[in-house]
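Thank you all for coming; I would like to walk through one structure this morning, slowly, and I will start from a single side chain before moving outward. Please have a look at the sequence and the structure first.

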Amino acid sequence: MNHQVAVTGLGVVAPHGDEPGALFEALLQGRSAIQPVFADLPKPAAAATVAFDETRWFTKLQLAGVDRVSQLAVAAADQAMRDAGLNAGDTHPERMGVYAGCGMGGAAALEAAYRGNGRVSPLTIPAFMPNAPAAHVAMRQGVQGPVLTYSVACASSAAAIAEAAKAVQRGEVDVAIAGGSEALIVPGVVVAWQAMQTLATFQPGEAGRAVRPFAADRSGFALGEGAAFLILESVERARARGARSYATLAGWGLSSDATHLTKPDAPGQARALRAALRQAGLHPRDVGYCNAHGTATRIGDVVERNALADVWGDDFDALRVSSTKALHGHMLGAAGAIEALITVLALHRRQLPPNAHCTQVDPACPLNLVMPGDTAAPSLEAAVSNSFAFGGTNSVLLFRRAG
């Protein structure tokens, strides 16, 4: 038996705060969390960082060997469980699973090891391994079912959510804690991304507007850090325990470009989009909003626009699109999770986050962009969230409004 999959809990630790509603309001208002970082680097750098008080979640003793990426994950997952109204003992531990995405693991632990002048913590390896966040979430929540990590660059946590949904749909688990985390705002990682020439350039005082998805003058993205988790369970189980359902995860699509490690491919992205629509049993015209991958790179935005246009065809002009990376940065392994959370809230509230900082749309990217002040979506019934990664992995999540 295939179950419908409900989203019953949301948890987030993001540059705009650790409350989903406050995050969504900040996005509606177009408030950017991107600021200059590491003034001593050779080139100016900007990122969106989290003001995180780890003592809310850990004792000093517990923090030993726990990298920031795992700390953020534990906090976001804990808040998602609370939001879902789930407590220890509500679900058999073997019927719960953790499905987490993480692209680069414990960057702070590695940076400390490299810069330690020969002094390396014996806990460096367990701190930076990419599956540490999932393991720490499992230990905190007492999860004894599957605890899995997906590391496929920018699609990591979207893929994790899709795999969690499959497990719920098939009845393999009763509760899935699904999402991801990333915390890589350290000098070594920032310099490495600068070397790829994918990060946005900006003038002094203009960091907050540096990321301009789909704009004619876009120059790239800014890194972000954070974590987001969704609680997934069957619609039947959610109803039986009187839980609130924010939305249903009705479809998901995974595909590979199989063409190039870093250059995106429109046909590959279109395959993932079509797979999500097919599984949900929907036509493109049924989906009113797309939270785009929208990295504000010269090539990536055009490719994504072309993939959407190919799939939506004659209905493309009715699809409203925005990329929230302009405001919270690109969280890489956590991007799919936080953008899925935002998409769920857009459906739940029937409001759309605007595509910020785009004063002139690139003629090569004609889209029905959500503009500031025009965020109402009173008839929205379904929405997609796109995550398209280095390595060529494409992940699309399709949510429907809860009935």
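Let me begin with a question: does F221 count as buried or exposed, and at what relative accessibility? Before I answer, please keep in mind that this is a predicted model. F221 comes out at 5% relative accessibility, and because the cut-off for buried is under 20%, F221 counts as buried.

Now to its surroundings. The ring of F221 pairs with that of W193, the two centres lying 5.6 Å apart with the planes at 70°, and since planes over 60 degrees apart count as edge-to-face, that is how this pair is classed. In terms of the chain, W193 belongs to helix α7, residues 187–196, while F221 is in the loop between α7 and β7, so that the pair links parts of the chain 28 residues apart. W193 is itself buried, with a relative accessibility of 11%.

W193 also has a second aromatic partner, F390, and here the pair is stacked, with 5.9 Å from centre to centre and 25° between the planes. F390 lies in the loop between β13 and β14 and W193 in helix α7, so this pair ties together parts that are 197 residues apart in sequence. F390, at 28% relative accessibility, counts as partly exposed. Taken together, the ring pairs link W193, F221 and F390 into a cluster.

One further ring deserves a mention, although the partner in that case is a charge: R140 lies over the face of F58, 4.8 Å from the ring centre.

Let me turn to the sheet. It is an open sheet of eleven strands with mixed pairing, and the order reads β5-β4-β6-β8-β1-β9-β14-β13-β10-β11-β12. At the edges are β5, residues 147–150, and β12, residues 368–369, each of which pairs on one side only.

I would like to dwell on β9, which spans residues 247–256 and runs antiparallel to β14, residues 393–401, with nine bridges joining the two. To place that pairing on the sequence, G253 has V396 in β14 as its bridge partner, and A247 is bridged to R401, again in β14. β9 also pairs with β1, residues 5–13, in the antiparallel sense, in this case over two bridges, and there A6 stands opposite T248 of β9. Seven of the ten residues of β9 are buried, so the strand is largely enclosed by the rest of the structure. Packing on the sheet we find helix α9, residues 266–280, which touches β9, β13 and β14, and whose direction makes about 145° with that of β9.

Finally, a word on helix α6, residues 156–169, where a simple check on geometry is possible: at 1.5 Å a residue, its 14 residues should span 20 Å, and the end C-alpha atoms are 20 Å apart, which agrees. How many of the residues of α6 are buried? Twelve of the 14 are, so this helix too is largely enclosed by the rest of the structure. Among the buried residues are I161, V168 and Q169. After α6 comes G171, which has a positive phi, near 80°.

That is where I will stop, and I am happy to go back to any part of the model on the screen.

Conventions
Residues are numbered from 1 along each chain as its sequence is written. Side-chain values use heavy atoms; hydrogens and water are left out. Two strands pair if DSSP finds at least two bridges between them. Helices (H or I, at least four residues) and strands (E, at least two) are DSSP runs, numbered from the N terminus. Contact means heavy atoms within 4.5 Å. Axes are lines fitted to C-alpha atoms, for helices over the stretch in contact, and angles run from 0 to 180 degrees between N-to-C directions. Buried means under 20% relative accessible area, exposed over 50%, partly exposed in between (1.4 Å probe, protein chains only). Rings of Phe, Tyr and Trp (its six-membered ring) pair if their centres lie within 6.5 Å; planes under 30 degrees apart count as stacked, over 60 as edge-to-face and the rest as tilted. A charge sits over a ring if NZ of Lys or CZ of Arg is within 6 Å of the ring centre and within 35 degrees of the ring normal. The expected span of a helix is 1.5 Å times one less than its number of residues.
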